[in-house]
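Work through the exercises below with the sequence and the model open side by side. Each task is followed by a solution that proceeds step by step.

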Amino acid sequence: LRDYAELCDRELDGLEVQNSEHRKQVLRRMMKPLLGIFRAEPGTNLWRRKIDHILQRDGDPGSALELIDEASSHIPDSIMDLPPETPDVVEMDLEPESLGLI
């Protein structure tokens, strides 16, 4: 998460952001892929609501790193310290014979 936040901050620094509302819109798009990252874990709803609340309040939302750090306070350390899950890979036989193309 920290690496992603730093990447987002570098991208924000490189953009010509007109005002805090524009910055919030860009940050919201950057945070969207993270909203489901803790699906079905304790604190998930608070995590999403905190990100949404920060991006809706008046003024500059700050950096992506600050936003993620603040929202992460709702996720237990035991969850934050887990390694990422490896998705199940389904292997498909795409040979022409198995597809009935030959």
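**Exercise 1.** In this predicted model, locate Leu67, decide whether Leu67 is buried or exposed, and list the residues that Leu67 touches beyond its sequence neighbours.

Solution. Begin with the secondary structure: Leu67 lies in helix H4, which spans residues 64-72. Next, take the accessibility, which is 1% in relative terms; because buried means under 20%, Leu67 counts as buried. Then, setting aside residues up to four places away in sequence, the contacts of Leu67 are Leu27, Met31, Ile51, Ile54 and Leu55. One of these partners, Leu55, is 12 residues from Leu67 in sequence, and the two C-alpha atoms are 8.7 Å apart.

**Exercise 2.** Determine which residues touch the most other members of the largest nonpolar core, and which helices supply at least two residues each.

Solution. The largest nonpolar core has 19 residues, and those touching the most other members are Leu27, Met31, Trp47, Ile51 and Leu67. At least two residues of this core come from each of helix H1 (2-14), helix H2 (20-31), helix H3 (44-56) and H4. To follow one of the core residues further, take Leu27, which, apart from neighbours within four places in sequence, is in contact with Leu12, Leu55, Pro61, Gly62, Ala64 and Leu67.

**Exercise 3.** Classify the geometry of the ring pair formed by Phe38 and Trp47, and state whether these residues are buried or exposed.

Solution. A pair of aromatic rings is described by the distance of the centres and the angle of the planes. The model contains 1 aromatic pair. In that pair, the ring centres of Phe38 and Trp47 are 5.0 Å apart and the planes stand at 90°, so the arrangement is edge-to-face, given that the cut-off for this class is over 60 degrees. As for accessibility, Phe38 and Trp47 are both buried.

**Exercise 4.** Establish whether Lys24 is buried or exposed, and which residues Lys24 touches.

Solution. Lys24 is placed in helix H2. With a relative accessibility of 4%, Lys24 counts as buried. Leaving out residues up to four places away in sequence, Lys24 touches Leu55, Gln56, Arg57, Asp58, Gly59 and Pro61.

**Exercise 5.** Describe the largest pocket by its volume, and by the character of its lining.

Solution. The volume of the largest pocket is about 450 Å³. Its lining consists of Leu1, Gly36, Ile37, Phe38, Arg39, Glu41, Ile79, Met80, Leu82, Pro83, Pro84 and Glu85. Sorted by character, the lining residues comprise 8 nonpolar, 1 polar and 3 charged.

Conventions. Residues are numbered from 1 along each chain as its sequence is written. This is a predicted model: local features need pLDDT of at least 70, side-chain atom pairs count only at pLDDT 80 or more; totals for chains, interfaces and linings use all residues. Side-chain values use heavy atoms; hydrogens and water are left out. Helices (H or I, at least four residues) and strands (E, at least two) are DSSP runs, numbered from the N terminus. Buried means under 20% relative accessible area, exposed over 50%, partly exposed in between (1.4 Å probe, protein chains only). Contact means heavy atoms within 4.5 Å. A nonpolar core is a set of buried Ala, Val, Leu, Ile, Met, Phe, Trp, Tyr and Cys residues joined through side-chain atoms within 4.5 Å. Rings of Phe, Tyr and Trp (its six-membered ring) pair if their centres lie within 6.5 Å; planes under 30 degrees apart count as stacked, over 60 as edge-to-face and the rest as tilted. On a 1 Å grid over the protein atoms alone, a cavity is a set of points where a 1.4 Å probe fits but cannot get out, and a pocket is an open set with protein on both sides within 12 Å along at least five of seven lines; lining residues have an atom within 4 Å of a point. Grid points are joined across faces, edges and corners, and a volume is the space filled by probe spheres set on the points. Ala, Val, Leu, Ile, Met, Phe, Trp, Tyr, Cys and Pro count as nonpolar, Asp, Glu, Lys and Arg as charged, and the others, Gly among them, as polar.
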